[in-house]
Every structure is written in structure tokens, then in C-alpha cells.
Amino acid sequence: MDHLDRLESQSVYIFREAFNRLGRVGMLWSLGKDSNVMIWLARKAFLGHVPFPVMHVDTEKKFPEMYEFRDRYIKEWNLNFLSGKCPPIEEMDASLPPAARSAARKTEGLKNFLAANPFDGIFAGIRRDEQATRAKERVFSPRGATGAWNFRDQPPEFWDQFNTDFPPGTHVRIHPLLHWTEMDIWLYTQRENIPVIDLYFAKNGKRYRSLGDKDITNPVDSNAETLDEIIEELRTTRVSERSGRAMDHEAEDAFERLRADGYM
Amino acid sequence: MSNHRESLKTVFVGHVDHGKSTLVGRLFHDTDSLPDGRVEEIRKMCERRGMPFEYAFLMDALQAERDQGITIDTSQIWFKTAKRDYVIIDAPGHKEFLKNMITGAAAADAAILVIDANEGVQEQSRRHGYLLHLMGIGQVTVCVNKMDLVDYSQTRFEAIEEEFRAYLTSIGVTPNHVIPVSGREGDLITGPSKRMPWYLGPSITEALDGFRVPLPATDQPLRFPVQDVYKFDERRIIAGRIESGTIRVGDTLLFSPINKTAKVRTIEAWNVDQLPMKASAGQSVGITLDEQLFIERGHIASHENQPPVETDVFRAHVFWLGNDALVPGKTYKMKLANAEARVTVQSIDRVIDTGDLSHVQSDRVERNAVAEVTIRSRQMLALDEFRHNQKTGRFVLVDGFDIAGGGIISMEGYADQRSLITVRATNVTKVEAAIGPDERHKRNGHKGGVLWFTGLSGAGKSTIAVATERRLFDKGYQVYVLDGDNVRFGLNADLGFSPEDRAENIRRVGEVAALMAKAGFIVVTAFISPYRSDRDRARAAAGADFHEIHIDADVATCESRDPKGLYRKARAGEIKEFTGISAPYEAPDAAELTVDTSDLSIDDSVARVSAYVDRTFTQT
Ligand SMILES: Nc1nc2c(ncn2[C@@H]2O[C@H](COP(=O)(O)OP(=O)(O)OP(=O)(O)O)[C@@H](O)[C@H]2O)c(=O)[nH]1
Ligand SMILES: [Mg+2]
């Protein structure tokens with residue numbers, strides 16, 4: 001088994017645990033590179049099937065390419081697709097910096113979606129290497145009724161014995177990609193030939209490394225036009241993955257506040 | 001290609017404030033592993049707080065952590081040397097967050113244990129060392145940090161090294177290096193230090209590169225715990241992760257604890273050109289079988305010649321994280337590989353002080369404590385001893401909704417019950433008995449039955465058995481005593497004294513006693529029979545004719561009598577696994593009769609048993 005095989009096996013294990021131990025589960029599909037890998041891993045886990053709904057909580061501010069991609073692969077991958085909407089920005093906490101406030105719409109959209117569609121477990125494709133508070137996440141991360149993350153008192157999690165016993169009203173975020181890095185995602189995408197949105201590839205010296213909403217995501221300088229070139233770029237880059245995400249740079253605690261409130 | 005590089009997970013542990021997070025931050029900085037702007041960002045945060053630059057802020061990302069200057073939760077970060085990739089796990093040192101330390105450390109292949117040169121070895125330095133060992137993390141490097149605070153003193157370093165090496169040695173750990181470092185000043189992070197020319201060993205990165213990457217357990221006996229059974233389409237797929245060994249198409253698999261076998265028909269996979277013919281340790285797979293067995297999540301598949309242990313009782317070395325203490329008698333949910341079972345702690349054998357390694361007797365295991373306990377399950381379990389297979393030899397306990405502890409398994413003093421499960425032959429046709437029990441009852445004037453004496457050595461079983469036999473015989477009962485002497489020489493002459501043979505000895509006695517009871521006799525058996533599972537089997541053989549009689553005297557009383565000098569020898573270590581001293585005695589919890597011989601004379605004891613027999617064996 002090589003490195004990617006080990007990562008894949010661990011993710012498959014996580015998917016199967018959640019599917020067996022939790023009641024209703026569903027997957028958040030942001031249409032980005034990570035969540036495509038996540039769908040792929042689910043099909044590995046369930047031998048070609050995705051036996052739960054795949055959900056997109058739509059900020060309606062995504063790039064047009066992302067909507068095209070979505071519609072195409074719902075059909076091709078035979079997905080049971082659900083979609084939710086996000087409330088307008090005016091309803092968000094005004095004390096948050098502007099980009100973070102915009103991102104908070106997604107949290108609220110998810111909360112509303114979960115209120116209408118009760119799930120016991122939600123798969124989310126976050127990784128520890130993206131951001132320092134995500135580095136502290138559990139694979140099975142319990143959330144109260146409001147979706148809040150009690151990061152000061154997380155339950156222990158070891159030996160792949162995940163938390164599967166909860167008081168009523170709890171749901172769990174399951175993170176099958178937590179142990180992957182950005183490099184791993186691209187190497188796996190390449191090996192498995194997983195489709196990705198073109199926005200990740202450079203045009204006119206710019207490409208997106210991470211895809212958020214149109215208004216709060218900036219492309220980075222790059223000439224990487226193919227998967228090989230992206231991988232080569234990552235080997236030497238000194239720029240962090242989320243450098244194009246405005247909300248990460250507004251205030252020291254902006255991301256923590258968002259996540260504590262239930263942001264992915 | 002980086003996907004062919006090896007990867008190693010290393011955790012930083014040690015007492016609170018000894019500089020773990022600082023060392024991790026420094027390691028990243030000095031190996032030039034941080035993205036542009038990160039150091040500047042941290043510098044600004046520190047300035048805003050009016051404090052000197054803190055490398056620890058790289059890992060301590062939560063506001064609460066930065067405000068208090070303490071790590072609350074464990075985090076993971078990626079890093080590489082020329083040799084290989086690393087996942088570095090930072091763990092908190094504060095006692096309050098031991099659950100988070102365990103969460104971080106349990107995932108590691110190796111550990112760096114950090115000790116403050118100024119403060120020296122502290123409570124959590126030892127506890128963390130102990131827990132690493134318990135969890136089977138054998139590769140440990142010790143860093144004596146903050147050498148700048150002790151003027152890079154060789155004497156100070158050597159004093160700490162000596163003290164801590166002695167501790168680690170006493171728990172069976174040999175650190176591969178002890179390195180003097182300074183996280184703040186950057187000494188011995190990636191190369192030699194001018195300030196410590198007296199130190200000739202490796203730096204931290206060199207020590208990291210010296211760790212071994214554990215090999216997957218491909219060559220060990222096969223353990224394939226069933227995670228789920230899928231029927232998404234026409235295939236019935238047994239899904240799970242191979243924890244050790246190798247599965248090949250065509251192999252016969254034995255599923256425990258149901259003890260059923262079937263052959264592997266296919267190993268399924270998605271998005272491959274050809275289905276694989278074999279799969280090995282570490283792989284998450286799905287297989288189909290040639291027979292539709294009733295297989296459930298939690299069963300463990302193995303090859304027939306190397307099966308896991310089957311038992312409903314075992315010993316465990318546990319660490320406890322629950323807010324409520326671990327107590328005997330309470331029911332917990334145990335998770336072992338993919339199995340779940342209701343278990344109770346039958347006894348807390350000793351609580352271990354991880355500071356001085358002394359043992360205390362206690363009726364509870366408090367939060368953050370370590371103990372040896374005996375655990376009993378209501379159902380038969382398939383498991384391994386931790387020393388044979390880590391993955392199927394460890395478990396967690398769930399108390400209410402919370403994972404509250406973990407433990408590793410030992411079967412010391414307990415038999416594998418697989419070989420003892422009595423499979424009654426099915427191809428034997430029972431001959432209809434010509435004489436019924438009532439006829440025998442009438443002829444003898446009493447029913448047949450088994451008086452099963454159990455109790456510690458020296459409690460008086462044989463003496464009371466023999467005297468009871470005389471008393472009952474004189475009263476006209478058909479009575480006979482079975483004890484070690486009359487079965488060990490003949491019926492059980494082929495058996496030795498291993499746990500399995502002892503259990504088999506008791507099983508045969510149970511079967512013979514049951515036959516004699518059917519023949520109308522009152523059979524008195526006089527065996528220590530310390531295990532509940534063995535006695536339960538004897539009860540199953542005799543059914544309603546079984547009467548368990550606890551010949552009860554505590555260890556102290558028996559030891560003071562010590563008629564054969566056995567206790568003295570056991571205490572001196574000349575007899576191993578002596579019941580009550582170095583092996584468990586599981587007292588009956590619902591004996592038909594208890595005779596407390598520390599209070600009663602032999603005559604009185606015999607009178608009790610005899611009265612019980614008059615009461616229960618003569619009514620029609
Ligand atoms: N003088 C000196 N101070 C150090 C050194 N290493 C760390 N410190 C200081 O010791 C304090 C604690 O360091 P941390 O790295 O937060 O300690 P820790 O072991 O991670 O603490 P917890 O995670 O809370 O257990 C900080 O103020 C550091 O600046 C060192 O080598 N020399
Ligand atoms: Mg720390």
C-alpha cells in the first residue's frame with residue numbers, strides 16, 4: 001500500500017463507520033476539489049454507490065462553472081441531490097468582518113437546511129492542513145441543536161473508535177478527509193482521474209487554489225495549467241492554500257468565531 | 001513522487017508549559033516549512049498582546065489558548081525532511097486535558113517527550129511516559145528543553161536524564177535518545193549547538209529521521225473484523241478493514257464468536273480493471289462468500305488455524321477519562337474493533353500511581369488514573385491479547401454517551417474458552433431411559449444432585465466435603481466425593497496445569513458429576529474452581545440438579561491456616577498463578593448456599609450442608 005492507498009483506506013473506514021452507526025446521513029458537496037474526492041471515496045466505500053443524499057447549500061454566489069459542473073455530475077454520478085438556500089447577508093451578525101459575514105450565510109443556510117431535513121450525520125470535506133482551528137477537529141465532531149462547535153471541550157477520539165452515542169438533538173459532522181493534505185487531494189485526483197472544475201487551472205497567469213463565493217475568493221498567481229503542473233507548483237510553493245480567501249485575513253479570530261458557530 | 005514517500009506520525013507530549021508547542025513551532029521555522037507571511041502574522045498577534053514572539057502560536061490557534069498561553073486541544077500539522085514526510089501531533093500537557101493528549105498520542109507511531117530543564121521531571125512527564133507505553137508506542141525520544149534557562153548546564157541535563165531514564169526503564173521503555181534543546185533559542189533543533197559542545201548525539205530532526213515507520217501487520221495471523229454487510233445490489237458484501245494478515249480468494253474464513261466458516265468467493269472493488277485476488281493488512285475491503293452465513297458487524301474473520309481468543313472475561317490495563325469514576329458492578333458499553341458489548345468491571349485489581357508506580361487497592365478508578373481491572377461481558381467475545389495483536393487487543397469503554405476510557409487486554413490466568421465450548425455431538429441418538437428419575441428417587445429416598453463446592457485453597461472444601469460425605473452416608477444418602485485426587489490420576493491424567501487444561505479438568509468433573517447425579521447419587525465436588533465461566537458450564541451440564549455451595553473464607557484467613565504451606569510458596573513466587581494471590585478468584589454471585597468457614601467450626605459447617613440436603617433432596 002502506498003501513501004494514497006492508506007489515506008483512501010482510512011476515509012473508506014470513516015464512511016462505513018458513519019453509515020453503519022448513525023441514522024440519517026448526508027454529504028455536503030461544495031463542488032470543489034475536496035468534495036469531489038469525498039464523493040469518489042464514498043463510491044469506493046460503498047462499491048460504486050452513494051447511499052445517501054448529497055447536498056449543496058447554495059449561496060447563489062458561486063461561479064457559473066460551478067453550477068454547470070454540479071448539474072453534469074448529479075446525472076453522471078447518479079446522485080440523490082438536495083439543495084438548500086442561504087439567507088441574505090443583512091441577517092448576519094454585523095460585528096463580523098465583511099468577508100466573514102458573507103461566509104456566515106453558509107452556516108445559516110446549513111442550519112436552516114438541517115432544520116427542514118433532520119440528519120444525524122453530515123459529511124464535510126474539511127482538512128486539518130487548511131487552517132489551524134480545523135487542525136484541532138475530530139473525525140466525528142458532535143454538534144448541539146444549533147450546530148455550534150464546543151471546541152473547548154471536545155470528546156476524546158482514539159483508536160478509530162469514534163463517538164457514536166449522543167443525547168437526542170445532537171448531530172455529528174463527519175470529516176472523512178481530515179487527515180488529507182492539499183497535495184494528497186491533487187495526487188489522488190490525478191491517480192483516480194477525478195473531474196475538477198476548470199477554475200483550478202491557470203488562465204492568464206492566475207488560478208483558484210480554493211473555491212469559495214465569487215465575491216470573497218481571489219485567484220492566486222500561477223501558471224499551472226494541468227494537474228501535473230499544479231502538483232509541481234505545490235511542491236515548491238510558499239503560499240498558503242487559503243491565501244485567496246478574504247475571510248481568513250480579516251481578523252485573528254474571524255475563522256474561529258465562524259467555526260464555533262457552525263461554519264465548516 | 002511524494003505518494004511513494006514514507007510518512008511517520010510523531011506526537012509531542014510532556015508536562016504543561018514544558019515547551020512542546022514552542023518546539024513544534026521552532027521545528028517548522030528552522031526547517032523553513034512555514035508558508036510566507038506566517039511568522040509575520042504571529043509576530044503581529046504577539047505585539048497586539050504585548051508579549052514576546054511565541055512560536056507556540058503556530059499550533060495554539062484558539063483564542064483561549066493564546067490568551068492563557070496553554071494548549072487546550074491536540075492538533076496535527078505536516079512537515080517533511082529530506083528523508084520522509086511527517087505528521088506532527090502537538091498534545092496538551094495540562095492534566096485537565098488528558099483526554100485530548102490521548103486523542104493525539106493514540107494516533108502516533110513515535111513520541112517526543114519534552115521536559116523543562118529548569119522544572120525537571122513532573123507529574124505529567126511520568127504519566128505521559130506511562131501512557132505511551134500502555135498504548136504500545138515504543139519509540140520515544142526525550143527532549144530536555146529550555147536549556148537556556150539553566151545556562152546549558154551539562155550537569156543539570158545529566159541529572160534529569162538519569163532520573164527520567166530510570167523511570168522509563170522501570171516501565172519497560174528505552175528512549176532512543178535524550179537530547180538537550182532550547183525551543184526559544186533554537187538549540188539542537190536541526191543540527192549541533194555551539195552552546196552545548198559537550199553533547200554529541202543527534203538533533204531533533206535527526207532523531208525524527210531515526211524513528212522507524214511501523215510495517216503493516218501483513219505477516220501476522222489474519223484479523224478481519226466485520227464492519228458492515230451491504231446489499232446495495234445482487235452482491236452480499238462483507239465490508240471491513242483487514243487489521244492484520246492477508247485474505248486470498250478461495251481462503252476458508254472462520255468467523256468468531258459464531259464459529260462458522262465459509263470460503264472467500266470474491267474480493268470486490270470499485271473503479272478497478274480487475275478484481276483483486278488478495279488483500280492485506282490496512283486495506284478496507286469488501287468480500288463475498290460462497291455461503292450465506294448469518295454474519296453481523298463485530299464478528300472477526302480469521303483463518304481456521306490461527307483464530308482469536310473467545311472469552312467472556314479478561315484482564316485489562318485501563319486509563320480512565322470519564323467524569324464519573326470507573327466502578328465495579330456498573331454496566332458500560334465496550335467497543336472492540338467493530339464489536340460492541342455490554343460489560344461490567346468485575347474487580348479493580350489494582351490502581352497504579354504513575355508517579356512512583358506503587359499499587360493501591362481501591363474500589364474505584366478516578367478520572368485520569370490508570371488501573372488493572374477484570375472485565376466480564378454477558379456475551380462471548382472474540383479478541384486477542386494486546387501483545388499478540390494491538391488492533392484486536394484494545395478497546396474503549398463508553399459511559400452513557402461518552403467515551404470514558406481505553407484499555408489493553410491480557411488473558412493472564414484466564415483460559416481461551418474457544419476450546420472449551422462444549423459441542424454436544426449431534427450424530428448420537430439418545431437411548432430412551434428405561435428408568436426415570438422418580439423411580440430412582442423412590443428407591444433411594446432422595447433425589448440425585450451435585451453439591452458443587454467452590455472456594456479458596458484452605459477455605460475447607462475437602463475437609464467439609466469428606467465430613468459431609470460421612471454425615472450424609474450415615475443418614476442413608478447415596479453420596480460420593482469427587483476431588484482432585486480421584487480425577488487427576490485417571491480421568492484427567494492427560495491434563496496439565498495451563499489455564500486451558502485447568503478449565504478442561506473442571507469441565508470433565510462437571511460432566512461426570514452430572515452423570516452421577518442422574519444415576520441418583522448426591523455428588524460432592526471439591527475444587528477451587530475459581531472461574532465463574534467454568535462453574536456455569538458445570539451448572540449447564542447438571543441443570544436443575546446443580547447446587548453451588550460457596551465455602552467462603554477470605555484470603556487472610558486461608559493464608560493464616562495455610563495447611564499445605566502453599567500460600568507461603570505463592571508469596572515467595574515459587575508457585576505462579578496461585579488463586580487469591582496472583583490469580584483471580586471469582587466468587588459466586590448467586591450460590592445456592594454460602595458456608596462461611598471463618599466463622600463456623602467444621603461440624604457446624606457440615607451441619608449447614610447436611611440441613612440444606614435434607615431440605616432440598618428429600619421432598620417429592
Ligand atoms: N526560556 C525558554 N522558554 C521556553 C522555551 N521553550 C518554551 N518556552 C516558554 O515556555 C512557555 C510554555 O511553552 P509552550 O510551548 O506553550 O509549552 P507547552 O508544553 O506546549 O504547554 P502546554 O501545551 O500547555 O502543555 C512559553 O512561554 C514559551 O515561550 C525555551 O527553550 N526556553
Ligand atoms: Mg502546547
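Is Arg195(B) buried, partly exposed or exposed? In this predicted model, Arg195(B) comes out as partly exposed, because its relative accessible area is 43%, a value between the 20% and 50% cut-offs. You'll find Arg195(B) in the loop that runs between strand E6 (177-180) and helix H7 (204-210) of chain B. Setting aside residues up to four places away in sequence, Arg195(B) touches Tyr152(B), Glu185(B) and Asp187(B). With Tyr152(B) there is also a polar contact, side chain to side chain, at 3.3 Å. Asp151(B) sits 44 residues from Arg195(B) in sequence, and the two C-alpha atoms are 8.9 Å apart in space.

Now zoom out to chain B as a whole. Its C-alpha trace spans about 100 × 65 × 40 Å along the principal axes, and its secondary structure comes to 15 helices and 27 strands. Of its 620 residues, 55% count as buried. If you take the contacts in chain B with a separation of 6 or more, 72% of them are between residues 24 or more positions apart.

Helix H12 (residues 532-542) of chain B is a good place to look at burial up close. This helix is mostly covered, with 8 of its 11 residues buried. Among them are four alanine and serine positions, Ser533(B), Ala538(B), Ala541(B) and Ala542(B), but the buried set also includes the charged side chains of Arg532(B), Asp534(B), Arg535(B) and Arg537(B). What does the covering? The cover includes strands E16 (309-320), E18 (339-352), E20 (370-383), E23 (449-454) and E26 (546-552), along with helix H11 (499-518), all of chain B. Just after H12(B) comes Gly543(B), with a positive phi near 65 degrees.

Two of those buried charges pair up with each other: Asp534(B) and Arg537(B) meet in a salt bridge, 2.7 Å from N to O. They are 3 residues apart in helix H12 of chain B, so about one helical turn separates them. The geometry fits a general rule: an α-helix has 3.6 residues a turn, so residues three or four places apart point the same way.

Two of the strands that cover H12(B), E16 and E20, are joined by a salt bridge of their own. Asp312(B) pairs with Arg376(B), the closest N and O atoms being 4.0 Å apart. This pair links distant parts of the chain, with Asp312(B) in strand E16, Arg376(B) in strand E20 and their positions 64 residues apart. Both Asp312(B) and Arg376(B) are buried.

For another setting, try Glu559(B) and Arg571(B), whose side chains meet in a salt bridge at 2.8 Å, N to O. Here the link runs from helix H13 (residues 555-561) to helix H14 (residues 566-571) of chain B, with the partners 12 residues apart. Glu559(B) is partly exposed, with a relative accessible area of 24%, and Arg571(B) is exposed at 51%. Over all chains, the count comes to 72 salt bridges.

Chain B also has a metal site. The magnesium ion (ligand 2) is coordinated by OG of Ser21(B) and OG1 of Thr71(B), at 1.9 to 2.0 Å. Ser21(B) lies in helix H1 (residues 20-30) and Thr71(B) in the loop between helix H3 (63-68) and strand E2 (75-80), so the pair ties together parts of chain B that are 50 residues apart in sequence. Both Ser21(B) and Thr71(B) are buried.

Next, the interface. Here 76 residues of chain B are in contact with 62 residues of chain A, and the two chains bury about 5,800 Å² between them, 53% of it on carbon and sulfur atoms. On the chain B side, Trp78(B), Trp270(B) and Phe401(B) lose the most area to chain A, together 13% of what that side buries. Polar groups take part as well, with 38 residue pairs in polar contact and 12 salt bridges across the interface. One salt bridge between the chains joins Glu340(B) to Arg21(A), with the closest N and O atoms 3.1 Å apart. The largest share of the chain B side, 5 residues, comes from strand E22 (residues 402-410), and that side divides into 32 nonpolar, 23 polar and 21 charged residues.

Finally, cross into chain A. Asp2(A), Asp5(A), Glu8(A), Lys44(A), Arg191(A) and Glu192(A) are linked in a network of salt bridges. Elsewhere, Ser102(A) sits in helix H4 (residues 98-116) and is buried, with a relative accessible area of 3%. Beyond its neighbours within four places in sequence, Ser102(A) is in contact with Lys61(A), Ile89(A), Asp213(A), Asp215(A) and Ile216(A).

Terms used:
Residues are numbered from 1 along each chain as its sequence is written. Chains are lettered from A and ligands numbered from 1 in the order in which they are written. This is a predicted model: local features need pLDDT of at least 70, side-chain atom pairs count only at pLDDT 80 or more; totals for chains, interfaces and linings use all residues. Side-chain values use heavy atoms; hydrogens and water are left out. Contact means heavy atoms within 4.5 Å. Buried area is the accessible area (1.4 Å probe) that two parts lose on being put together, summed over both. A polar contact is a pair of N or O atoms within 3.5 Å; within protein, one must be able to donate a hydrogen and the other to accept it, and residues adjacent in sequence count only if both atoms are side-chain atoms. Donors are N, O and S atoms within 2.8 Å of the metal (3.2 Å for Na, K and Ca); water is not among the atoms, so sites may look incomplete. Buried means under 20% relative accessible area, exposed over 50%, partly exposed in between (1.4 Å probe, protein chains only).
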